[in-house]
Amino acid sequence: AGGSAGAGGTPSVCSSVCQKMDQAQCPNDEPYSACFAGCQIDVASYQAQCGAQVQSWLGCAMGPGKVVCTSDGDSRVTGCTSQLVSFVACAGCIPSTGDDACDACTKSSCCTQLDALYAHPQFTPYLTCVYACTTQQCENACYVQHSGIQPAITQLLQCQGSNCASC
């Protein structure tokens, strides 16, 4: 349903990405069927505002991107950081079927702070560092290493603290 996201269209793109994520067998991931259904809805909603960015990120996720499990047990696509940064900079405040209460509140109440974080010059190197991590200790080291981004993260956390009880 919705616009196309690559040569195969939304269903085949979502199938490929969700199969790749399912094969990683990360303990906190949703089942394939939920990933597939949510992906189709989300791609359709992102397509109108961020079509090129969606296609670029999904193309990388389907192709050279690798799926790894984080220390939290969630899946993460690595090797596609530049595509992901472009995508989140465009679609970061668009609601998604996978949003928990904190994410939904953050997108609706703290979009200005999200946009500032995504536009920060250290966001790409910070995200690259975090995505290479498999432990919380490593992620904390990235935060220290990329100290210039700390004010933007602090502003986002303050907004969440003031507006989003679910965070």
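## The β1–β2 hairpin

Strands β1 and β2 form a hairpin with five residues between them, and Gly73 in the turn has a positive phi of about 85 degrees. The model is a predicted one. Strand β1 covers residues 66-69, and its pairing with β2 is antiparallel, over four bridges. One of the paired positions is Cys69, whose bridge partner in β2 is Ser75.

Strand β2 runs over residues 75-78 and is covered on both faces. Ser75 and Val77 are buried on one side, and Arg76 and Thr78 are buried on the other. Arg76 also serves as a reference point for a loop residue further along the chain: its C-alpha lies 10.0 Å from that of Ala132, although 56 residues separate the two in sequence.

## Helix α4 and its buried residues

Helix α4 spans residues 101-109. At its start, a side-chain oxygen of Asp100 comes to within 3.1 Å of the backbone nitrogen of Cys102. The buried residues of α4 are Cys102, Cys105, Thr106 and Lys107. An α-helix has 3.6 residues a turn, so residues three or four places apart point the same way. The cover over the buried residues of α4 includes α2, α5 and α8.

## Lys107

Is Lys107 buried or exposed? Lys107 has a relative accessibility of 15%, so this residue counts as buried; the cut-off for buried is under 20%. Lys107 belongs to helix α4, and its side chain makes a polar contact of 3.0 Å with the side chain of Asp99.

Leaving aside residues up to four places away in sequence, Lys107 touches Tyr46, Gly92, Cys93, Ile94, Pro95, Ser96, Asp99 and Leu114. Leu114 is in α5, and it is among the residues that meet α4 there.

## Packing of α4 against α5 and α8

Two packed helices are described by the angle between their axes and the distance between the axes. For α4 and α5 (residues 111-119), the axes come within 5 Å and cross at roughly 90 degrees. The crossing angle therefore makes α4 roughly perpendicular to α5. On the α4 side the contact involves Thr106, Lys107 and Ser109, and on the α5 side Cys111, Gln113 and Leu114. By type, the residues of this contact are two nonpolar, three polar and one charged.

Helix α8 (residues 150-163) packs against α4 at an angle of about 105 degrees, with the axes 10 Å apart. This angle makes α4 roughly perpendicular to α8, because values from 65 to 115 degrees count as such. Here Cys102, Cys105, Thr106 and Ser109 of α4 meet Leu156, Cys159, Gln160 and Asn163 of α8. The residues of the contact divide into four nonpolar, four polar and no charged. Thr106 and Ser109 thus appear in the contact with α5 and again in the contact with α8.

## Ser45 in helix α2

Ser45 is located in helix α2. With a relative accessibility of 31%, Ser45 counts as partly exposed. Beyond residues up to four places away in sequence, Ser45 touches Ile94 and Pro95. Ile94 and Pro95 are also among the residues that Lys107 touches.

How far apart in space are Ser45 and Ala116? Their C-alpha atoms are 22 Å apart, and the two residues are 71 residues apart in sequence.

## Loop residues

Gln25 sits in the loop between α1 (9-24) and α2 (32-62). Gln25 is not a glycine, yet its phi is positive, at about 55 degrees. Its relative accessible area is 66%, so Gln25 is exposed.

The loop between α6 (123-131) and α7 (136-145) holds Thr134, and Ala132 is in the loop between α6 and α7 as well. Ala132 counts as exposed because its relative accessibility is 64%. Thr134, at 54% relative accessibility, also counts as exposed. The C-alpha atoms of Thr134 and Cys159 are separated by 28 Å, with the two residues 25 residues apart along the chain. Cys159 is one of the α8 residues that meet α4.

Methods: Residues numbered from 1 in each chain as written. Predicted model: local features only at pLDDT ≥ 70, side-chain atom pairs only at ≥ 80, totals over all residues. Heavy atoms only, no water. Axes fitted to C-alpha atoms, helices over the stretch in contact; angles between N-to-C directions. Helix = DSSP H or I, 4+ residues; strand = E, 2+ residues; numbered from the N terminus. Parallel < 35°, antiparallel > 145°, perpendicular 65-115°, else oblique. Contact = heavy atoms within 4.5 Å. Nonpolar A, V, L, I, M, F, W, Y, C, P; charged D, E, K, R; others polar. Buried < 20%, exposed > 50% of the residue type's maximum accessible area, 1.4 Å probe, protein only. Polar contact = N/O pair within 3.5 Å; in protein donor to acceptor, adjacent residues only side chain to side chain. Pairing = 2+ DSSP bridges.
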